[in-house]
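Hi,

Here is the structure I promised to pass on. Please open it alongside this note; what I found follows below.

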Amino acid sequence: MRSSAVRFVFPLIAVLASALPAVAQSKNAAPDWPAVDKEAVQRLSDYIRVNTTNPPGNEILAAQWYAKILKAEGIPYEIAESAPGRGNIVARLKGQGSEPALILLNHMDVVPVTRAYWTEDPFSGLVKDGYLWGRGSIDMKSLGIAELLSFLELHRMHVPLKRDVIFLGTADEEAGGKMGAGWVAKDKPEWYRGAGFLITEGAGSLADDSGKPIYFGIGPTEKTPGWLRLTAKGRSGHGSIPIADSAPNHLVAALDRLRQYRSPLELTPPIEAMLRTHAPYEPEPWRTRFADPKKFLAEPDAYDLLAKERPEILARLTNTISITGLKGSNKTNIIPTEASAELDCRLLPTWTIDRWIAQVQKIIDDPSIKVETILNFAPAVSPMDTPLDASIDKAVHELDPGAGVVQSVDSGFTDSHYFREKGIVSYGFEPFAITREDDERVHGDNERIPVKNYTAGVRLLWNIVYDFSRTK
Ligand SMILES: [Zn+2]
């Protein structure tokens with residue numbers, strides 16, 4: 001928290017500032033960093049103590065927690081529930097409106113914990129050994145607080161803005177976002193009216209073992225879910241007399257064809273950019289391979305090499321199929337009328353669900369099996385080379401001259417697609433560079449963020465938002 005002395009002189013500064021031309025106000029404006037660093041740590045600890053485990057979510061608690069802060073700062077906000085307890089919150093700083101608004105999007109829910117495997121209380125927000133511990137310390141309460149502080153500092157410093165800046169906290173991302181960002185995108189258009197840009201989690205930023213940032217990632221797109229249910233029907237009977245074309249037999253044959261299917265390698269432009277920009281950070285021989293992906297993928301053993309050594313890259317070059325749910329008879333001696341399977345398919349940004357279902361039907365080659373969509377959304381790619389991309393680049397090079405900026409395409413998905421498909425340039429961007437080891441704790445046990453990288457990320461995001469939004 002800032003000292004009361006600072007608060008006391010604040011109105012005077014505001015009065016003086018309003019008498020000066022806008023350019024003079026925005027030159028060299030910088031937050032009081034030692035105070036903001038302290039506030040960032042305190043706020044994140046407090047926020048982690050607000051338990052928003054989804055299910056059930058209870059994001060209304062987080063929305064009210066944010067609301068209290070905004071109210072104390074004199075910033076109007078609005079809270080709305082998509083269902084009882086599923087809170088969402090929005091606040092907007094008005095700019096001149098000469099440029100499209102920027103949305104700072106963060107989801108307020110977190111995934112469940114298995115307390116027995118944690119060495120510290122996951123909802124304590126404990127600061128220990130240079131780390132801030134707790135569920136959400138990386139995914140994504142830290143970015144939520146960084147967004148909040150950028151937002152608050154613009155307001156506190158009376159920065160003249162050329163565009164509106166929107167703070168948007170939503171429910172339910174960890175369960176697909178239908179009760180949060182999806183609901184806002186559909187039912188609350190006034191909340192993001194005039195928006196042209198958005199920043200949220202995703203893409204990933206890497207630090208070396210000493211904590212020094214290696215690169216920061218920008219994600220202009222993600223793979224899309226093409227979740228399917230296959231259902232086979234047949235004659236039922238007693239298990240003592242086998243039925244050759246029973247529902248389970250049809251289903252198993254179809255699944256075996258899918259299991260053996262080798263999705264062709266497809267180099268989409270965002271993945272090509274991802275490989276090329278990551279190349280310098282790869283050990284050989286991958287460095288050379290990623291630097292010229294077309295050449296590498298033309299090699300006859302490219303698929304096998306990727307499958308063996310880099311499955312996470314292969315997943316970004318193919319449509320993938322994971323057989324997950326299976327249902328048949330609940331009695332060992334009854335051959336059921338119906339058997340079904342669920343497939344977690346992830347599609348390349350260039351594939352629609354209709355094209356993918358046609359492909360699956362071709363592979364299974366069994367018209368008696370029904371194929372239904374469980375979850376999908378339209379693929380969309382945000383352009384790079386935008387002013388927001390330029391502001392990110394500039395801020396990284398100013399604050400971390402040794403670090404690079406790379407493009408990434410997540411194999412999973414975040415809430416950004418709800419806004420990307422509405423034509424809003426939406427980037428996944430994590431201002432906190434963390435080690436691979438810390439990154440692996442996300443959704444797992446002992447999630448924690450290094451305090452130094454966290455506060456550095458708060459500053460980095462500020463530089464981006466300030467550069468991108470202020471009048472120059
Ligand atoms: Zn997340």
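The donor residues of the zinc ion follow the spacing H-x31-D-x61-E in sequence. Two of them link distant parts of the chain. His107 lies in strand S3 (residues 101-107). Asp139 sits 32 residues away, in the loop between strand S5 (131-133) and helix H5 (141-156). Bear in mind that this is a predicted model.

Which atoms hold the metal? The zinc ion is coordinated by His107 through NE2, by Asp139 through OD, and by Glu201 through OE, with Glu201 listed twice. The distances run from 1.8 to 2.7 Å. The geometry is irregular, with angles of 53 to 149 degrees among the 4 donor atoms. Tetrahedral would need all angles between 85 and 135 degrees, so this site does not qualify.

Are the ligands His107 and Asp139 buried or exposed? His107 has 2% relative accessibility, so it counts as buried. Asp139 is at 10% and therefore also counts as buried.

Now the sheet. It is open and has 3 strands, in the order S4-S5-S18, with antiparallel pairing. Strand S4 (127-128) and strand S18 (448-450) stand at the edges. Each has a single partner strand, so one side of each lacks a neighbour in the sheet. S4 and S5 run antiparallel and are joined by 2 bridges. Lys128 stands opposite Tyr131 in S5.

Helix H17 (residues 451-469) packs on this sheet. The helix touches S4, S5 and S18. Its direction makes about 75 degrees with that of S18.

Best wishes

Note on methods
Residues numbered from 1 in each chain as written. Predicted model: local features only at pLDDT ≥ 70, side-chain atom pairs only at ≥ 80, totals over all residues. Heavy atoms only, no water. Donors = N, O, S within 2.8 Å, 3.2 Å for Na, K, Ca; no water. Tetrahedral: all angles 85-135°; square planar, octahedral: opposite > 155°, others 65-115°. Helix = DSSP H or I, 4+ residues; strand = E, 2+ residues; numbered from the N terminus. Buried < 20%, exposed > 50% of the residue type's maximum accessible area, 1.4 Å probe, protein only. Pairing = 2+ DSSP bridges. Contact = heavy atoms within 4.5 Å. Axes fitted to C-alpha atoms, helices over the stretch in contact; angles between N-to-C directions.
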